[in-house]
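Me: I am new to this structure and would like a close look at a single part of it. Please choose one sheet, describe how its strands are joined, and then relate it to its surroundings.

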Amino acid sequence: MRFRFIPHVIDTSLPVAYYAQTALADLDNDGVLEYVVGQRVGDIFLFKYHAPDRWTRHLLGTDSPSDVGGCALDVDGDGWLDFVAGGAWYRNSRRPDVPFERITFDAELASVHDLFPADVDGDGRAEIVSMSDRNSLRWYKIPPDQAGPWPMTEVGPAVHAGAAAGDLNGNGHLDLVRTDVWFENARGDGTLWIAHPIGPNTPPPPDFQPYFAFNATHAAVRDVNRSGASDVVYTDAEIPGGKVWWMENVSGDGEVWARHEIYNWDEETPRRGAYHSLYAGDLDGDGDVDVLSCEMEAVGGEAPPRWYIWENLDGLGGAWQEHVIFDGNLGGHAAVVGDVTGNGLPDVIAKPWRAQPGNAVEGRMYVVFLENVSE
């Protein structure tokens, strides 16, 4: 496949703020994906798709308690996807022009970076997994009365970023990853967790060492080499000059790991910005795991930010080809991937965490949609 994406800047009028809490989900049950993005402790917006270059923005909800983490999930089981952000969920109003109702399930949960649904107790229904600088790696059971507090179970200490879920030891239960370790779901019901090492990530460079730069990745559990065992794909999410790599689950039970580089900055080329996005999946239709990320603006590099696909050439994670799919001086943060246009190809949409003065839209906040027209 020859990758080709047409960029569309679909909004440059968002209020100036820090933005994350992203999702692509069919919130109005019309068969077309909407885009959700939220301000850190602010408003959450819904973008409804009409054409690749025409979207309408609606207010989904207010007073978000989350920094970065947000996801779409049918919380109340009524067949309509709701939205979860930090310690609150927003009940779907079933109309894009009517804001969702905000309901708190944990008023103390703060500074959430990673948040996603996963069935960690094996009951056939997803729970909410959360990781926060101020709290822990934990999961919340959605009770029959979703309006009250949700029972919480701690998994282990948190790092800034890098949570993911998958069956790491092949026993049929979902385990949890936290950057450099994975937590075994020892009983299969999410009540007992045993930590196992995976391997170190990239240390921050000497000239960039804020607290959030340490142990901060994006992670995705995938079978990269088609061995039948779950591996883990990583990007360095909060440092310039970071790497992209995958950890091979050599023993198949999560006890022995081998690192394989996908992209490794060699210091002879301009240092790139942080890869605060990760999608690991089939991007070219050949059935194997490719990797997508983009450089962000707020933790920038030495050249304008670009968006990338690393194609899994041999299907086994042993050879990768880098493709630049967008080079328009607009960075991406918390990018999400899905077939928005309905042509069977995965599109990409993102925005900055914080827009920078020298970007292509004169320092304004923006949302950019990459329409996939690959052949």
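Reply: Proline 7 has leucine 370 of strand 28 as its bridge partner. This contact belongs to a predicted model, in which local features need pLDDT of at least 70 and side-chain atom pairs count only at pLDDT 80 or more, while totals for chains, interfaces and linings use all residues. Residues are numbered from 1 along each chain as its sequence is written, and side-chain values use heavy atoms, with hydrogens and water left out.

Strand 1 and strand 28 (strands are DSSP runs of E, at least two residues, numbered from the N terminus) run antiparallel to each other and are paired over 6 bridges. Two strands pair if DSSP finds at least two bridges between them. Leucine 370 is also the bridge partner of valine 348. Strand 27 and strand 28 are antiparallel as well, and 3 bridges join them.

What surrounds strand 28, which spans residues 367-372? Its 6 residues are buried, 6 of the 6, so the strand is largely enclosed by the rest of the structure (buried means under 20% relative accessible area with a 1.4 Å probe, protein chains only). Val367, Phe369 and Glu371 point to one side of strand 28. Val368, Leu370 and Asn372 point the other way, and all of these residues are buried.

The full sheet is open and contains 4 strands in the order 1-28-27-26, paired in the antiparallel sense. Strand 1 (5-11) and strand 26 (333-338) stand at the edges; each has a single partner strand, so one side of each is left without a neighbour in the sheet. On average, neighbouring strands here are turned by 20 degrees against each other, direction ignored (axes are lines fitted to C-alpha atoms, and angles run from 0 to 180 degrees between N-to-C directions).

The far end of the order is reached through strand 27 (residues 347-351), which pairs with strand 26 in the antiparallel sense over 4 bridges. In this pairing, valine 337 stands opposite valine 348 of strand 27. Valine 348 thus appears twice in the description: opposite valine 337, and with leucine 370 as its bridge partner in strand 28.

Strand 26 leads on to the largest pocket, which holds about 930 Å³ of space. Its lining comprises 34 residues, and the closest to its centre are Thr22, Leu115, Phe116, Leu278 and Val336. Strand 26 is one of the elements that give two or more residues to this lining; the others include strand 2 (19-25), strand 10 (112-118) and strand 14 (163-166). A pocket is an open set of points on a 1 Å grid over the protein atoms alone, with protein on both sides within 12 Å along at least five of seven lines, and lining residues have an atom within 4 Å of a point. Grid points are joined across faces, edges and corners, and a volume is the space filled by probe spheres (1.4 Å probe) set on the points.

Strand 14 belongs to another open sheet of 4 strands, with the order 14-15-16-17 and antiparallel pairing. Strand 14 and strand 17 (193-197) stand at its edges, each with a single partner strand, so one side of each has no neighbour in the sheet. Neighbouring strands of this sheet are turned by 25 degrees against each other on average, direction ignored. Strand 14 runs antiparallel to strand 15 (residues 175-178), and 4 bridges join the two. Alanine 165 has leucine 176 in strand 15 as its bridge partner.

Technical notes:
Buried means under 20% relative accessible area, exposed over 50%, partly exposed in between (1.4 Å probe, protein chains only).
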